[in-house]
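Please open the model in a viewer with residue selection and side-chain display available. The stops below say what to select at each step and what is to be found there.

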Amino acid sequence: MNEEEIIEKRLLIFLFVGCIILLAAVSVACIIYSPKTFVPTFSPEEESQNNVVYVSESSEEESSFPIEINKASSEELELIPNIGPATAKLIIDYRNEYGTIVSFSELLSIDGIGEKTVEILKEYCIIN
């Protein structure tokens, strides 16, 4: 092997290693910047017991609303726009203390829930 062939082989090895490093960098970037989604999995028994509602990112409103306010979990209530964990907890605590909610106006008696929130809840919830 002459000196020119050695240089050529080293150049090929260098290019090969460079390509592998570039591929690794692109893979890491794809993982870091990919959208984060979480799809819960439930057994059929859990689905029937908890009234599980599956939500797809593309049509969230179509598949999960209306929510039955007297059976909704905190997570389900938090799917409603402008309803956060604190408001969801207030509704569930009220339900636990006073029983079934019979009208949306009843929610106005909860400190922290006003007419605007009740109007939002009317849009996305039902009372059975």
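## A tour by selection

Begin by selecting Leu79, which is found in the loop between helix H4 (74-77) and helix H5 (85-98). The model is a predicted one. With a relative accessibility of 28%, Leu79 counts as partly exposed. Add Ser64 to the selection and display the C-alpha atoms: those of Leu79 and Ser64 are separated by 8.5 Å, although the two residues are 15 apart along the chain.

Remain in the loop between H4 and H5 and select Asn82, which is also found there. Asn82 is not a glycine, yet its phi is positive, at about 70°. Its relative accessible area is 68%, so Asn82 is exposed.

**Helix H5: a salt bridge and a ring pair**

Select Asp93 and Lys89 next. Both residues lie in helix H5, 4 residues apart, which is about one turn of the helix. Their side chains meet in a salt bridge, at 2.7 Å from N to O. Asp93 has a relative accessible area of 35% and is partly exposed. How many salt bridges does a search of the whole structure find? The search finds 2, and the other stop of this kind comes in helix H6, where Glu119 pairs with Lys122.

The aromatic rings are the next subject. A pair of aromatic rings is described by the distance of the centres and the angle of the planes. The count for this model comes to 2 aromatic pairs. Select Phe65 and Tyr124: the ring centres are 4.8 Å apart and the planes stand at 65°, so this pair is edge-to-face. What does the pair tie together? Phe65 lies in the loop between helix H3 (60-64) and strand E1 (67-68), whereas Tyr124 lies in helix H6, so the pair joins parts that are 59 residues apart in sequence. Phe65 counts as buried at 14% relative accessibility, and Tyr124 is buried as well, with a relative accessible area of 12%.

Return to helix H5 for Tyr94 and Tyr98. The centres of these two rings are 4.7 Å apart and their planes lie at 40°, so the pair is tilted. Tyr94 and Tyr98 are 4 residues apart in helix H5 and are therefore separated by about one helical turn. Are the two residues buried or exposed? Tyr94 is buried, with a relative accessible area of 12%, whereas Tyr98 counts as exposed at 53%.

**From Tyr94 to Glu106**

Keep Tyr94 displayed and select Glu106, which lies in the loop between H5 and H6. Setting aside residues up to four places away in sequence, Glu106 touches Tyr94, Thr100 and Ile101. Glu106 is buried and yet has no salt bridge. Which side chain of opposite charge is nearest to Glu106? That side chain is Arg95, and it is 10 Å away.

**Helix H6**

Move on to Thr117, which lies in helix H6 (residues 115-124). Its relative accessible area is 18%; the limit for buried is under 20%, so Thr117 is buried. When residues up to four places away in sequence are left out, Thr117 touches Ile83 and Thr87.

In helix H6, select Glu119 and Lys122, which lie 3 residues apart, about one turn of the helix. Side chains of opposite charge can pair when their charged atoms come close. Glu119 forms a salt bridge with Lys122, with the closest N and O atoms 3.5 Å apart. Glu119 is partly exposed, at a relative accessible area of 45%, and Lys122 likewise counts as partly exposed, at 41%.

**Last stop: helix H1**

Finally, select Ile21, whose place is in helix H1 (residues 3-33). With a relative accessible area of 54%, Ile21 is exposed. Extend the selection to Ile13, Phe16, Val17 and Ile20: together with Ile21 they form a nonpolar patch on the surface. The accessible area of the patch is about 510 Å² in all. A surface display of these five side chains closes the tour.

How values were computed:
Residues are numbered from 1 along each chain as its sequence is written. This is a predicted model: local features need pLDDT of at least 70, side-chain atom pairs count only at pLDDT 80 or more; totals for chains, interfaces and linings use all residues. Side-chain values use heavy atoms; hydrogens and water are left out. Helices (H or I, at least four residues) and strands (E, at least two) are DSSP runs, numbered from the N terminus. Buried means under 20% relative accessible area, exposed over 50%, partly exposed in between (1.4 Å probe, protein chains only). Contact means heavy atoms within 4.5 Å. Patches are made of residues with over 30% relative accessible area and no salt bridge: like charges are joined within 9 Å, nonpolar side chains (Val, Leu, Ile, Met, Phe, Trp, Tyr) within 5 Å. Accessible areas come from the Shrake-Rupley method with a 1.4 Å probe; for residues, only the protein chains shown count as cover. A salt bridge is a side-chain nitrogen of Lys or Arg within 4 Å of a carboxyl oxygen of Asp or Glu. Lys and Arg count as positive and Asp and Glu as negative; His and the chain ends are not counted. Rings of Phe, Tyr and Trp (its six-membered ring) pair if their centres lie within 6.5 Å; planes under 30 degrees apart count as stacked, over 60 as edge-to-face and the rest as tilted.
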